[in-house]
Amino acid sequence: MKRFELRDAPIDAVAERATLEDPAAGGCVTFEGWVRNHNDARAVTRLDYQVYGALAESEGAAILDEACARFELRAARCVHRVGALAIGDMAVFVGVSADHRDAAFAACRWIIDEVKRRVPIWKNEHYADGESGWLHPGA
Amino acid sequence: MKVRMRYFASLADRAGRPEETRDTAATNPRDLYAEVVREHAFGFPPERVRVAVNDALVGWDHVLADGDEVVFLPPVSGG
């Protein structure tokens with residue numbers, strides 16, 4: 001199974017967690033990113049994710065491969081939504097399993113940080129006042 | 001030389017299109033970016049932009065070839 005996947009339908013966290021199971025693993029750490037109803041003091045009503053598909057697939061796969069090389073993991077998985085999302089929808093799932101918790105916590109945090117920094121996906125937020133805007137973080 | 005450009009997010013808004021084919025004298029992404037910025041007024045200096053050629057990330061001095069597909073990536077906001 002591919003470790004990184006783009007998805008245009010809702011993410012099933014229970015099904016994704018099951019991909020981490022391994023008899024040698026002592027635990028798993030998962031992170032779910034959700035669409036929240038506010039950003040920078042503005043009321044958000046929904047958002048669209050635009051993706052550069054080919055590069056997002058290869059960059060996401062590279063991040064998870066790097067995570068497996070950097071940390072002592074049994075499994076690693078990331079699924080990122082694309083398209084139109086509503087408030088409360090899961091935007092991203094990250095999960096890792098490991099023999100011990102230190103590696104699991106560290107790897108899960110590292111993966112979501114790298115995904116946010118590197119994978120070519122852009123968020124267009126729609127605001128309650130009818131405006132919308134692409135987010136391009138950083139100064 | 002002809003290159004195919006694809007634009008994403010605010011760059012597509014500024015360019016007014018998601019893609020275009022350009023005739024260019026630029027031989028690397030650095031010169032090509034300067035050229036398209038003059039035309040489309042992208043709001044990002046090159047330090048904040050990454051470059052992909054034919055779906056792989058490359059450096060600013062990568063040598064472009066006729067028919068390449070070039071994408072300039074503004075700062076990303078997934079997750």
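## Starting at Ala26(B)

Let's begin with Ala26(B), which sits in the loop that links β2 (19-23) to α2 (29-40) of chain B. Keep in mind that this is a predicted model. Ala26(B) has 17 C-beta neighbours inside 10 Å, so it counts as partly exposed; a residue needs 20 or more to be called buried.

Leaving out residues up to four places away in sequence, Ala26(B) touches Asp31(B), Leu32(B), Glu35(B) and Leu64(B). You can also look back along the chain to Val3(B): 23 residues separate it from Ala26(B) in sequence, and their C-alpha atoms are 9.8 Å apart.

## The helix after the loop

Next comes α2(B). With 12 residues at 1.5 Å each, α2(B) should span 16 Å, and that agrees with the 16 Å between its end C-alpha atoms.

Which residues of α2(B) are buried? They are Pro29(B), Leu32(B), Tyr33(B) and Val36(B). Looking down the axis of α2(B), you'd find its buried residues within an arc of 100°, so they line one face of the helix. Ala34(B) and Arg38(B) are exposed, and they're on the face of α2(B) turned away from the buried side. Just past the end of α2(B) is Ala41(B), with a positive phi near 55°.

## The sheet

Chain B also has an open sheet of five strands with mixed pairing, in the order β2-β1-β5-β3-β4. At its edges are β2 and β4 of chain B; each has a single partner strand, so one side of each is left without a neighbour in the sheet. On average, and ignoring direction, neighbouring strands here are turned by 35° against each other.

Take β3(B) and β4(B) as a pair: they run antiparallel and are joined by three bridges. In one of the links to β4(B), Val53(B) has Ala56(B) as its bridge partner.

So where does the helix go? α2(B) packs on the sheet, where it touches β1, β3, β4 and β5 of chain B, and its direction makes about 70° with that of β5(B). What covers the buried residues of α2(B) includes β1 (2-6), β3 (50-53), β4 (56-58) and β5 of chain B.

## Meeting chain A

Finally, the two chains touch. Chain B brings 14 residues to the contact and chain A brings 22 residues. On the chain B side, α1 (9-15) and β5 (69-73) each supply at least two residues. Sorted by class, the side of chain B that touches chain A has eight nonpolar, four polar and two charged residues.

Definitions and conventions: Residues numbered from 1 in each chain as written. Chains lettered and ligands numbered in written order. Predicted model: local features only at pLDDT ≥ 70, side-chain atom pairs only at ≥ 80, totals over all residues. Contact = placed C-beta atoms within 7 Å. Helix = DSSP H or I, 4+ residues; strand = E, 2+ residues; numbered from the N terminus. Nonpolar A, V, L, I, M, F, W, Y, C, P; charged D, E, K, R; others polar. Buried ≥ 20, exposed ≤ 12 C-beta atoms within 10 Å, placed from the backbone. Expected span 1.5 Å × (residues − 1). Arc of directions from axis to C-beta. Pairing = 2+ DSSP bridges. Axes fitted to C-alpha atoms, helices over the stretch in contact; angles between N-to-C directions.
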